[in-house]
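User: Please take a close look at how the helices pack against one another in this model. Where the packing leads on to other parts, follow it there.

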Amino acid sequence: MAHHPAHLDTLLQHTGIAEFDPATGAAPVGLPPVRTSTVRFQDLAALERAERRKAAGERVVAYGRMGLDTHVALEDVFKHLEQGTHAYLAPSGLSAITLTFMALLSAGDHALVADNVYGPVHVLEQAVLRRLGIEITYFAPNRDDIAALVRPNTRLLYVESPGSLLFEMLDLPALAEQARRHGLVLASDNTWGSGYIYKPLALGAQVSVVAGTKYVGGHSDLMLGAVVTNDAELAQRINKTQYAMGYSVSADDAWLALRGVRTLPLRMAQHARNALQVCDFLASRPEVARLYHPALPADAGHALWTRDCTGSNGMLSAALRLSMEQARVFVDALRLFSIGYSWGGFESLVQLVAPEYLAGHRYWSGDGQAVVRLHIGLEAPQDLIEDLRQALDRASAV
Ligand SMILES: *Cc1c(COP(=O)(O)O)cnc(C)c1O
């Protein structure tokens, strides 16, 4: 490209397209999928040049594991999305989280982790980090002053904003200021924002972690993660750890993510519009005690959302004035919402949030109401609303 368009919507359409063939002056629009392959060198001098550049921290391919052109193009996309200088791919969102913890922590270190983070982070702690002598303290990111929790060996402040069960907005700039005061790295899971509607690095975090499986891919057909940073020293640590742990991302998944991300702006806006319409309907129903969706003016995080986000998405949760038995009837009665974890694809999903998931989550007041999490897909919102209406009617009648 001869010039650099400034807007992210433009960059997302022009990053990772094929270069013109100098012989024909022509090129396909879509990057031909370059599968991972063993790399071969013309002579030893070429190999040694590559090794020298790699040792200096450049992204030089000397072996197929880190991927070829398709992967480079997708890394560029994540850098644009997150406004970072370095992006590292991982084979899933969870493995991107694992990469972050393994890169930033050593035996004897301590990390403060927000109590609302993605559930499997607890499994990472219990199954791996504890065994390696890494200690974690969970804290309430909207309440606790971290000063009382920081120890001499605390290195990392790990958060997720908004949380992926109740979508509570965190004051990321304030957390960044606290992290700076105590010399901690602030890392944030940005799967909700996916680099499009929320920018943790611009708000003061040093590391942003994204599950590309969700909105970046957008079609429920790939697993992918990314760790993005704008700190050269942290980038070296992430790079080395990614290498040492042997991470490798399928070229097919990377290519699908590259294709999916072209429509991220359109999809995100439509998910957000549909979700607001569904919220309006749910707010009118007596069975709904409370809605969790930061774009709603009534949401407790709305002021932070207005300050820090440029849009919203299809995620919302509803606390229901229904018994657990009635909530189960409601979920089973839905026809257009599939029961499933995950989100960010084109389709609507519902998850009955297990009360034990909310138990350690101090944002949740825990008044016994059943909570359902909905991902509002790209279906016509009127159809989704009719589906929710009939399911609520059936549940209330129990
Ligand atoms: C889904 C998800 C992850 C993990 O992503 P996978 O690709 O499924 O491993 C991490 N964080 C959040 C907030 C998620 O929703």
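Analyst: An axis here is a line fitted to C-alpha atoms, taken for a helix over the stretch in contact, and the angle between two axes runs from 0 to 180 degrees between their N-to-C directions. The model is a predicted one. Two packed helices are described by the angle between their axes and the distance between those axes.

Start with helix α3, residues 69-82, and helix α8, residues 251-261: their axes are 9 Å apart and the packing angle is about 45°. Angles under 35 degrees count as roughly parallel and those from 65 to 115 as roughly perpendicular. The pair α3 and α8 is therefore oblique. The crossing of these two helices is left-handed. On the α3 side the contact is formed by Thr70, His71, Ala73, Leu74, Val77 and Leu81, and on the α8 side by Ala251, Ala254, Trp255, Ala257, Leu258 and Val261. By class, this contact of α3 with α8 has 10 nonpolar residues and two polar ones, with no charged residue.

The next pair is helix α4, residues 93-104, with helix α5, residues 120-129; here the angle is about 50° and the axes are 11 Å apart. The helices α4 and α5 are therefore oblique to each other. In this case the crossing is right-handed. Helix α4 contributes Leu94, Ile97, Thr98, Phe101 and Met102, and helix α5 contributes Pro120, Val121, Leu124 and Leu129. The contact of α4 with α5 divides into eight nonpolar residues, one polar and no charged.

Leu94 leads from this contact to the ligand. Leu94 belongs to the α4 side of the contact with α5, and it is also listed with Gly93, Asp189, Thr213 and Lys214 as the closest of the 14 residues that surround the ligand. Gly93, where α4 begins, has a backbone N or O atom 2.7 Å from an oxygen atom of the ligand. Thr213 has an N or O atom in its side chain 2.5 Å from a ligand oxygen atom. For Trp343, a polar side-chain atom lies 3.2 Å from an oxygen atom of the ligand.

The third pair is helix α9, residues 264-283, and helix α13, residues 381-396, whose axes come within 10 Å and cross at roughly 30°. With that angle, α9 and α13 are therefore roughly parallel to each other. Their crossing is right-handed. The residues in contact are Asn274, Gln277, Val278, Phe281 and Leu282 of α9, together with Pro381, Leu384, Ile385, Leu388, Arg389 and Leu392 of α13. This contact of α9 with α13 has eight nonpolar, two polar and one charged residues.

Outside the helices, there are local backbone features in two loops. Ser161 and Pro162 are joined by a cis peptide bond with omega of about -15°. Pro162 sits in the loop that runs between β4 (154-160) and α6 (172-181). Ser194 is not a glycine, yet its phi is positive, near 50°. Ser194 is in the loop between β5 (185-189) and β6 (207-211). Strand β5 ends at residue 189, and Asp189 is one of the closest residues to the ligand.

Conventions: Residues numbered from 1 in each chain as written. Predicted model: local features only at pLDDT ≥ 70, side-chain atom pairs only at ≥ 80, totals over all residues. Heavy atoms only, no water. Helix = DSSP H or I, 4+ residues; strand = E, 2+ residues; numbered from the N terminus. Parallel < 35°, antiparallel > 145°, perpendicular 65-115°, else oblique. Left-handed = near helix turned anticlockwise from the far one by under 90°. Contact = heavy atoms within 4.5 Å. Nonpolar A, V, L, I, M, F, W, Y, C, P; charged D, E, K, R; others polar. Near = heavy atom within 4 Å. Polar contact = N/O pair within 3.5 Å; in protein donor to acceptor, adjacent residues only side chain to side chain.
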